[in-house]
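Please keep the sequence beside the coordinates while reading, since the paragraphs below move from one element to the next and then to single residues.

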Amino acid sequence: MSRKTLWVAAASVLVGIIVLGLKTLAWWVTGSVALLSDALESIINVAASGAALIALQVSSRPADDNHQFGHHKAEYISAVIEGVLVVIAALTIMREAYNGFQNPTLPDQPVKGMLLNGAATVVNVVWYVILMRVGRAYRSPALIADAKHLMSDVVTSAAVLAGFVLVPVTGWPQLDPLLAGLVALNVLWTGWGMMKESVGGLMDAAPPPDVVARIKELVSTHAAGAIEAHDLRTRHAGRITFVEFHLVVPGNMTVAAAHEICDRIEHAFEQDMDDAVITIHVEPEDEAKHRGVVVL
């Protein structure tokens with residue numbers, strides 16, 4: 001586990017607290033239901049960032065007797081928890097929107113509210129870019145989920161700011177809770193997407209097609225001396241990609257020669273793919289299935 005990912009995860013908690021403070025102040029100044037909803041979502045941001053930090057610390061632990069394949073899936077658990085928190089935030093926002101419809105009022109000091117909420121949105125946009133870059137670079141589901149949550153927060157704030165422009169112009173106080181309700185639906189959709197993607201990781205879903213194609217290419221071009229590779233299976237666990245397959249070699253090949261081919265393949269993966277774990281089962285040529293990966 002890179003120290004950079006842990007540092008970024010810890011910084012996310014601090015950024016979340018700053019954004020929460022700005023949005024809470026904006027709600028306090030204006031009394032807007034939409035801004036209250038935005039602040040409620042930011043509370044979830046802080047909690048989710050804390051969950052991501054804990055998950056990264058757990059996933060960085062080395063394998064032990066009880067977890068012989070490591071603790072990498074802890075990040076997926078964090079992402080699922082974050083998705084659940086997003087859904088809870090959406091339902092809370094819907095409740096506040098309903099209450100706003102029951103007692104609609106025009107926001108006070110909308111300009112101050114726009115400035116405060118706008119500042120919080122800028123902070124979130126900048127941090128979203130940083131989180132997504134680091135998360136993708138280190139293939140961290142926890143950081144990527146945190147970044148996606150921030151983007152949903154940015155969309156929320158943009159809708160609220162748009163409402164602040166329209167509410168004073170139209171003089172329609174119901175527009176404020178209406179925007180809050182629309183924002184809740186967007187947040188709910190984002191939370192569902194986050195949970196769906198994370199559950200796929202927990203269920204050992206295969207990597208994207210381009211990654212699988214690259215794995216096959218590496219095996220095909222670095223297994224000179226072998227005949228074929230079949231029964232290829234891959235899965236992601238956090239930043240780790242597990243790859244296993246059967247490698248068919250000539251029946252008269254020595255164990256040492258077959259081992260040398262395996263070493264060459266493993267070295268190619270080390271050079272091309274970070275954090276790949278390779279398991280190769282060597283078989284004689286009469287086990288060939290004439291399908292799978294053909295060695296070039």
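Helix H5, which covers residues 141-170, contains 30 residues and extends 43 Å from its first C-alpha to its last, close to the 44 Å expected at 1.5 Å a residue; the expected span of a helix is taken as 1.5 Å times one less than its number of residues. Helices (H or I, at least four residues) and strands (E, at least two) are DSSP runs, numbered from the N terminus. The model is a predicted one, in which local features need pLDDT of at least 70 and side-chain atom pairs count only at pLDDT 80 or more, while totals for chains, interfaces and linings use all residues. Residues are numbered from 1 along each chain as its sequence is written, and side-chain values use heavy atoms, with hydrogens and water left out.

Two residues of H5 illustrate how its surroundings vary. Leu143 is found in helix H5 and counts as buried because its relative accessibility is 0%, where buried means under 20% relative accessible area, exposed over 50%, and partly exposed in between, with a 1.4 Å probe and protein chains only. Not counting residues up to four places away in sequence, Leu143 touches Thr5, Val8, Ala9, Leu56, Leu131, Val134 and Gly135, contact meaning heavy atoms within 4.5 Å. The C-alpha atoms of Leu143 and Ser12 are separated by 9.3 Å, although these residues are 131 residues apart along the chain. Val165, also placed in helix H5, counts as partly exposed because its relative accessibility is 45%. Between Val165 and Met114 the C-alpha to C-alpha separation is 8.7 Å, with their positions 51 residues apart in sequence. After H5 comes Gly171, whose phi is positive, near 70°.

Helix H4, residues 110-137, can be treated in the same manner. Its 28 residues should span 40 Å at 1.5 Å a residue, and its end C-alpha atoms are 40 Å apart, which agrees. The buried residues of H4 include Gly113, Leu116, Asn117, Ala120, Asn124, Trp127 and Leu131. An α-helix has 3.6 residues a turn, so residues three or four places apart point the same way. Thr121 lies in H4 and counts as buried because its relative accessibility is 12%; leaving aside its neighbours within four places in sequence, Thr121 is in contact with Val154, Ser157 and Leu161. H4 is followed by Arg139, whose phi is positive, near 50°.

A database record can be set beside these helices. The UniProt annotation "transmembrane region", from an unreviewed entry, covers residues 7-29, 35-56, 76-94, 114-134 and 154-172; its positions are given in the numbering used here, feature names are shortened, and annotations may be inferred rather than shown by experiment. In the model, residues 35-56 are 100% helix and 0% strand, with end C-alpha atoms 31 Å apart. For residues 154-172 the corresponding values are 89% helix and 0% strand, with 24 Å between the end C-alpha atoms.

Seen as a whole, the chain has 8 helices and 4 strands, and from the N terminus on its elements run α-α-α-α-α-α-α-β-β-α-β-β. Of the 296 residues in the chain, 47% are buried, and residues 24 or more positions apart account for 78% of the contacts with a separation of 6 or more.

The strands bring a further part of the chain into view. Of the 10 residues of strand S2 (residues 240-249), 8 are buried, so S2 is largely enclosed by the rest of the structure. S2 pairs with strand S3 (residues 276-284) in the parallel sense over 9 bridges, two strands being counted as paired if DSSP finds at least two bridges between them. Phe245 stands opposite Ile280 in S3. Thr241 is found in strand S2 and counts as buried because its relative accessibility is 0%; not counting residues up to four places away in sequence, the residues that Thr241 touches include Arg139, Ile215, Arg235 and Val277.

Ile215 leads to helix H7, since it is among the buried residues of H7, together with Val212, Leu218, Val219 and Ser220. The 14 residues of H7 (residues 209-222) should span 20 Å at 1.5 Å a residue, and its end C-alpha atoms are 20 Å apart, which agrees. Arg235, for its part, lies over the face of Phe242, at 4.1 Å from the ring centre; a charge sits over a ring if NZ of Lys or CZ of Arg is within 6 Å of the ring centre and within 35 degrees of the ring normal.
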